[in-house]
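Got a few minutes to poke around a protein model together? Here are some questions to try with the sequence and structure open.

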Amino acid sequence: MDTDEQLPERDRSPGPDEGRERRSRSLRSMCSALLDRWYDSGPWRRAGMLLAACALVLALLSAYVVQPFLIPSGSMENTLRVGDRVLVNKLAYRFGNEPRRGDVIVFDGTGSFVHGGGSGGAMAGLLRKTAAAVGLAEPAETDYVKRVVGVGGDRVTCCDERGRIKVNGVALDEDYLRPGDSPSNVPFDIAVPEGRLFVMGDHRSDSRDSRDHLGEPGGGTVPVDRVIGRADWIGWPSDRWTGLGGTPAFDRVPGSAGQIAGGGRG
């Protein structure tokens, strides 16, 4: 029988404190190297690096959080005017929430308002898309801004004896319409399919909206998954800084969707 005691092998891996200290030194060394490179570069190169970093942050914010959107037409007057920059909240419908009646939304009209491919070369399209993403150019021809009038399951009709649009049998007093406009000169009666939206502009006599596509597949309604975000604020010009809050127009519409919509943002 072997009675020699075997000495335990020494663990050569660094202990917790030593490992943390090494990682800390490594991080400090990397930060120091980056700072040295920053200060060693010339002023023009530093300005370029700073500009590139700002552009990257702005692009990420525009892609996932808030995107400026240049209003290209008068279809939403007087709520929105030509040249206004609205800030589109891209997180509004990301976590189980869906558009509500009365929301002002920006959406991609491909397949509902627009059929067929886009025009122009790939490079021109990329440049335009980049400029539009920061509100410096008009949005793509397939992007629209309208107000949600009906959601999935609603019946939207025009009009009652006073010329008002009805949703689920309730006539709307649309306080957001452009003064002098009638709710609609086009009669219609549509049941909005689930997962889709019936949208209209606030300047009804100058808006190409769901009414113009009633005879097409989907009846002019827009798929919810084509919604880019909710227009929550007017960010420019400065004398028009304001939030785009809810409207009481849908307060009396029956059903859970109408009750939620009439309650504002929540």
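**Cysteines, cores and odd corners**

Cysteine 158 has a relative accessibility of 13%, so it counts as buried. Keep in mind that this is a predicted model.

Q: Is cysteine 159 buried, partly exposed or exposed?
A: To count as buried, a residue has to be under 20% relative accessible area, and exposed means over 50%. Cysteine 159 comes in at 30%, so the label is partly exposed.

Q: Which cysteine is joined to cysteine 158 by a disulfide?
A: The structure holds one disulfide. As a reminder, that is a covalent bond between the sulfur atoms of two cysteines. Here the S to S distance is 1.8 Å, and the partner of cysteine 158 is cysteine 159.

Q: Is the link of cysteine 158 and cysteine 159 left-handed or right-handed?
A: Look at the angle about the S-S bond, which is -70°. That goes with a link that is left-handed.

Q: How many helices and how many strands are there in the protein?
A: Let's step back to the whole chain, which has 266 residues, 37% of them counted as buried. Contacts between residues at least 6 apart in sequence join residues at least 24 apart in 69% of cases. As for secondary structure, the tally is four helices and twelve strands.

Q: Which residues of the largest nonpolar core touch the most other members?
A: In soluble globular proteins, nonpolar side chains tend to be buried together. The largest such core in this model has 16 residues. Strand 5 (155-158), strand 6 (165-167), strand 8 (188-191) and strand 9 (196-200) each supply at least two residues of this core. The members with the most core neighbours are Val149, Val156, Ile165, Phe188, Phe198 and Phe250.

Q: Which side chains of strand 8 point to one face and are buried?
A: In a regular strand the side chains alternate between the two faces of the sheet. Strand 8 does just that: Asp189 and Ala191 point to one side and are not buried. Pointing to the opposite face, and buried, are Phe188 and Ile190.

Q: What is the bridge partner of arginine 155 in strand 8?
A: Strand 5 and strand 8 pair over four bridges, in the antiparallel sense. Arginine 155 has its own bridge partner in strand 8, and that is alanine 191.

Q: Which residues is phenylalanine 188 in contact with, leaving aside its neighbours within four places in sequence?
A: Phenylalanine 188 is buried, as is phenylalanine 198. With the neighbours within four places set aside, the contacts of phenylalanine 188 are Val156, Thr157, Cys158, Ile165, Phe198, Met200, Arg211 and Leu214.

Q: How many aromatic pairs turn up, and is the pair of phenylalanine 113 and tyrosine 144 stacked or edge-to-face?
A: A search of the whole structure gives four aromatic pairs. For phenylalanine 113 and tyrosine 144, the rings are 5.1 Å apart centre to centre with 70° between the planes. Planes over 60 degrees apart fall in one class, and the pair is edge-to-face.

Q: How many residues apart in sequence are the parts tied together by phenylalanine 113 and tyrosine 144?
A: Phenylalanine 113 sits in the loop between strand 3 (104-108) and helix 3 (122-133), whereas tyrosine 144 belongs to strand 4 (residues 143-150). Phenylalanine 113 is buried because its relative accessibility is 7%. The separation in sequence of the two tied parts is 31 residues.

Q: Which residues do ring pairs link into a cluster?
A: A pair of aromatic rings is described by the distance of the centres and the angle of the planes. Ring pairs can also be chained together, and here the cluster is made of Phe107, Phe113 and Tyr144.

Q: Where is the residue that follows tryptophan 236 through a cis peptide bond?
A: The peptide bond from tryptophan 236 to proline 237 is cis, with omega near 0°. Glutamate 77 and asparagine 78 are also joined by a cis peptide bond, with omega about 0°. Proline 237 is in the loop between strand 11 and strand 12 (242-243).

Q: What is the phi of asparagine 168?
A: Asparagine 168 sits in the loop between strand 6 and strand 7 (170-171). With 26% relative accessibility, asparagine 168 counts as partly exposed. Although asparagine 168 is not a glycine, its phi is positive, at about 55°.

Notes
Residues are numbered from 1 along each chain as its sequence is written. This is a predicted model: local features need pLDDT of at least 70, side-chain atom pairs count only at pLDDT 80 or more; totals for chains, interfaces and linings use all residues. Side-chain values use heavy atoms; hydrogens and water are left out. A disulfide is a pair of cysteine sulfur atoms within 2.5 Å. Buried means under 20% relative accessible area, exposed over 50%, partly exposed in between (1.4 Å probe, protein chains only). A nonpolar core is a set of buried Ala, Val, Leu, Ile, Met, Phe, Trp, Tyr and Cys residues joined through side-chain atoms within 4.5 Å. Contact means heavy atoms within 4.5 Å. Two strands pair if DSSP finds at least two bridges between them. Rings of Phe, Tyr and Trp (its six-membered ring) pair if their centres lie within 6.5 Å; planes under 30 degrees apart count as stacked, over 60 as edge-to-face and the rest as tilted.
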